[in-house]
Amino acid sequence: MRIAFVVLCAVGSFVPGLASAQASGQILEIHQRVFGMDCLPCSQAVHATISRIAGVESVEVSMRRGGADIHLLPGNTVSVAQLRAAIRKAGYEPKETWLRARGEVAVDQGALVLKLAGQAPLRLEASASGGPVPCQPGEDMLVEGTIEAGKDQGPILVEQRKCSAESPAPGQHPRPDGGG
Amino acid sequence: MDCIFERVARRARHVHCAPLAACLPVVLLLASRALANGHGPVYGLATPTLSEGGWAVDVGAMDRLAGTRSQDLNLRPMVSYGLTSDVQLSASVPLPLYSRGTLDPVRMMALMPAAPDVEMLLGWRFHRQAPAVGARFESTLYAGVDYPVEASPPGIAPAPAVVGALVTGYASRSIYAWIGGLYRRSLTALEADHPGDQIMASLVLGYRPPFLARDAPAADWRIFLEGVGEYTLGDQGQGQLAGRTVPNTGGTEVLVGPTVLGLFGAWGISGGPLFPVYSALNGNQPTERVRLALIFTYWWF
């Protein structure tokens with residue numbers, strides 16, 4: 001029995017789908033820029049579609065700033081692609097995504113990735129503006145970074161990161177739109 | 001002098017609209033459960049805004065005055081559903097409250113006919129582009145069918161019709177502009193009895209001052225300047241009765257007026273007057289002095 005369990009775990013670590021299911025990493029917070037919202041009903045439509053995603057704790061959508069601030073529940077499996085699809089479903093155009101996420105760093109096809117529960121791992125790249133390099137494989141990483149518009153599967157351009165369980169103080173790092 | 005309720009009751013009996021009238025409380029009940037929606041001009045064509053799976057209920061009222069007298073007073077509920085974020089289906093039913101039968105039927109609002117027709121309208125936003133925060137260009141094609149429940153103008157046999165429209169425009173957090181055209185054609189032979197075909201063109205300019213570009217729970221207000229042109233093409237644009245053109249139908253009219261739209265988180269209201277600035281109507285038709293409309297809008301996702 002014990003041998004079978006070990007074999008199952010070993011197989012799981014080589015199968016991407018099973019590997020992501022086992023991952024405990026998650027996105028904690030997202031600021032999503034949205035183009036095309038010109039009215040109060042527009043922001044309400046975006047709010048409604050995002051709120052329906054399982055794992056979303058709270059959403060604040062601003063027509064004035066053209067974006068959505070999303071806080072996610074612990075243990076969520078929300079992906080950036082899922083969020084952007086919801087915004088398109090509301091009729092608007094998702095642009096760049098700023099996110100804070102926590103997960104284990106691994107190597108996938110020669111690239112560093114962040115393993116997230118219930119979804120494909122997100123590739124990690126140092127930001128072109130001189131951000132830090134990602135943590136080493138096997139380390140837990142708390143990362144803040146941006147996913148560019150049109151690249152729903154990443155990579156995350158790393159702006160801030162910690163290679164430990166300690167998180168940076170809230171509000172320490174400004175988001176791309178300058179919002180709080 | 002008849003009281004309005006007697007007129008309404010007689011009218012409802014005459015046009016067999018009692019079942020439709022009975023539907024109104026249901027529509028209003030649905031609306032009372034809904035979140036607010038509404039996002040566009042009153043008379044002019046614009047692009048749909050419902051998200052996929054979104055519902056909207058509009059209840060519009062329009063009165064047309066010639067001299068000091070009301071010529072046509074109509075109420076019309078409309079239900080819309082977003083099949084996708086770019087495809088919207090709308091259905092509206094007529095509740096004509098009063099008509100002297102002297103004016104050609106027109107569009108009540110861009111997406112609602114004033115004629116006593118049940119209308120199904122499909123809108124397809126075939127182009128959209130969002131170049132910046134709060135801004136988008138988009139174009140929509142509409143196609144629909146009208147099924148009459150009463151003769152309009154009175155005495156001319158009602159006929160089903162098809163409606164097609166094209167509109168393109170720009171929306172932002174401060175500036176709005178839409179231009180569009182609509183054509184309604186009766187599905188009958190030219191010599192058969194039918195109301196005249198209609199052509200409508202509209203131009204809408206909108207503005208929201210920066211201090212009103214606020215997020216909820218603040219109200220969302222904007223103002224529009226709307227222009228509507230109604231035009232008919234020769235005999236085809238005039239009613240036909242017993243193989244002859246009805247003289248007091250058809251013509252050209254251009255109307256302009258200011259309208260306002262207010263959204264209050266859970267509901268919306270819009271309305272305003274249109275004044276004729278050019279009128280060349282066939283025969284001996286009364287000239288409209290003003291057209292007034294009011295729309296209540298609600299929606300839920």
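Which residues is Arg84(A) in contact with, leaving aside its neighbours within four places in sequence? In this predicted model, the list runs through several parts of chain A. Gln32(A) is one partner. Pro94(A), Lys95(A), Glu96(A) and Thr97(A) are also in contact with Arg84(A). The remaining partners are Ile147(A), Glu148(A), Ala149(A), Gly150(A), Lys151(A) and Asp152(A). Arg84(A) itself lies in helix H4, which spans residues 80–89 of chain A. Its relative accessibility is 0%. The cut-off for a buried residue is under 20%, so Arg84(A) counts as buried. Gly150(A) shows how the chain returns to this site. Arg84(A) and Gly150(A) are 66 residues apart in sequence. In space, their C-alpha atoms are 9.4 Å apart.

The two chains can be described in turn. Chain A has four helices and eight strands. From the N terminus, its elements follow the order α-α-β-α-β-β-α-β-β-β-β-β. Of the 180 residues in chain A, 49% are buried. Its accessible surface comes to about 8,400 Å². Carbon and sulfur atoms account for 55% of that surface. Among contacts in chain A with a separation of 6 or more, 65% join residues 24 or more positions apart.

Chain B has two helices and 17 strands. Of its 301 residues, 53% are buried. It exposes about 12,500 Å², and 68% of this area comes from carbon and sulfur atoms. For contacts in chain B with a separation of 6 or more, the share between residues 24 or more positions apart is 66%.

Nonpolar residues appear both in cores and on the surface. The largest nonpolar core has 36 residues. Within this core, Ile50(A) and Ile70(A) touch the most other members. Beyond its neighbours within four places in sequence, Ile50(A) is in contact with Val56(A), Val59(A) and Ala68(A), as well as Ile70(A), Leu83(A) and Ile87(A). Another core, of 33 residues, lies apart from that one. Its members include Leu45(B), Met78(B), Val167(B) and Val204(B).

On the surface, a nonpolar patch is formed by Leu83(B), Leu89(B), Met120(B), Leu122(B), Val145(B), Val162(B) and Leu187(B). Together these residues have about 540 Å² of accessible area. Val162(B) sits in strand S9, residues 161–171 of chain B. Its relative accessible area is 32%, so Val162(B) is partly exposed.

The interface between the chains comes next. The size of an interface is often given as the accessible area lost when the parts come together. Chain A and chain B bury about 2,200 Å² between them. Carbon and sulfur atoms carry 55% of this buried area. Asp38(A), Leu40(A) and Met63(A) supply 28% of the area that chain A buries against chain B, more than any other three residues. In terms of contacts, 26 residues of chain A meet 33 residues of chain B. Three salt bridges are counted between the two chains. Asp38(A) pairs with Arg222(B) in a salt bridge, with the closest N and O atoms 4.0 Å apart.

Side chains of opposite charge can pair when their charged atoms come close. Over all chains, the count is 25 salt bridges. Arg64(B) and Glu288(B) form one salt bridge, with 3.1 Å between the closest N and O atoms. Arg64(B) lies in strand S1 (residues 55–66), whereas Glu288(B) lies in the loop between strand S16 (268–281) and strand S17 (290–300). The pair therefore ties together parts of chain B that are 224 residues apart in sequence. Both Arg64(B) and Glu288(B) are buried.

Asp117(B) and Arg184(B) also meet in a salt bridge, at 2.6 Å from N to O. This pair links distant parts of the chain, 67 residues apart. Asp117(B) belongs to strand S7 (residues 117–132), and Arg184(B) belongs to strand S10 (residues 175–186). Asp117(B) is buried, with a relative accessible area of 3%. Arg184(B) is buried too, with a value of 5%.

A further salt bridge joins Asp220(B) and Arg222(B), at 2.9 Å from N to O. Both of these residues are buried. They also belong to one network of salt bridges that share partners. The other members of the network are Asp38(A), Asp86(B), Arg125(B), Arg128(B), Arg136(B), Glu138(B) and Arg208(B).

Key
Residues are numbered from 1 along each chain as its sequence is written. Chains are lettered from A and ligands numbered from 1 in the order in which they are written. This is a predicted model: local features need pLDDT of at least 70, side-chain atom pairs count only at pLDDT 80 or more; totals for chains, interfaces and linings use all residues. Side-chain values use heavy atoms; hydrogens and water are left out. Buried means under 20% relative accessible area, exposed over 50%, partly exposed in between (1.4 Å probe, protein chains only). Contact means heavy atoms within 4.5 Å. Accessible areas come from the Shrake-Rupley method with a 1.4 Å probe; for residues, only the protein chains shown count as cover. Patches are made of residues with over 30% relative accessible area and no salt bridge: like charges are joined within 9 Å, nonpolar side chains (Val, Leu, Ile, Met, Phe, Trp, Tyr) within 5 Å. A salt bridge is a side-chain nitrogen of Lys or Arg within 4 Å of a carboxyl oxygen of Asp or Glu. A nonpolar core is a set of buried Ala, Val, Leu, Ile, Met, Phe, Trp, Tyr and Cys residues joined through side-chain atoms within 4.5 Å. Buried area is the accessible area (1.4 Å probe) that two parts lose on being put together, summed over both.
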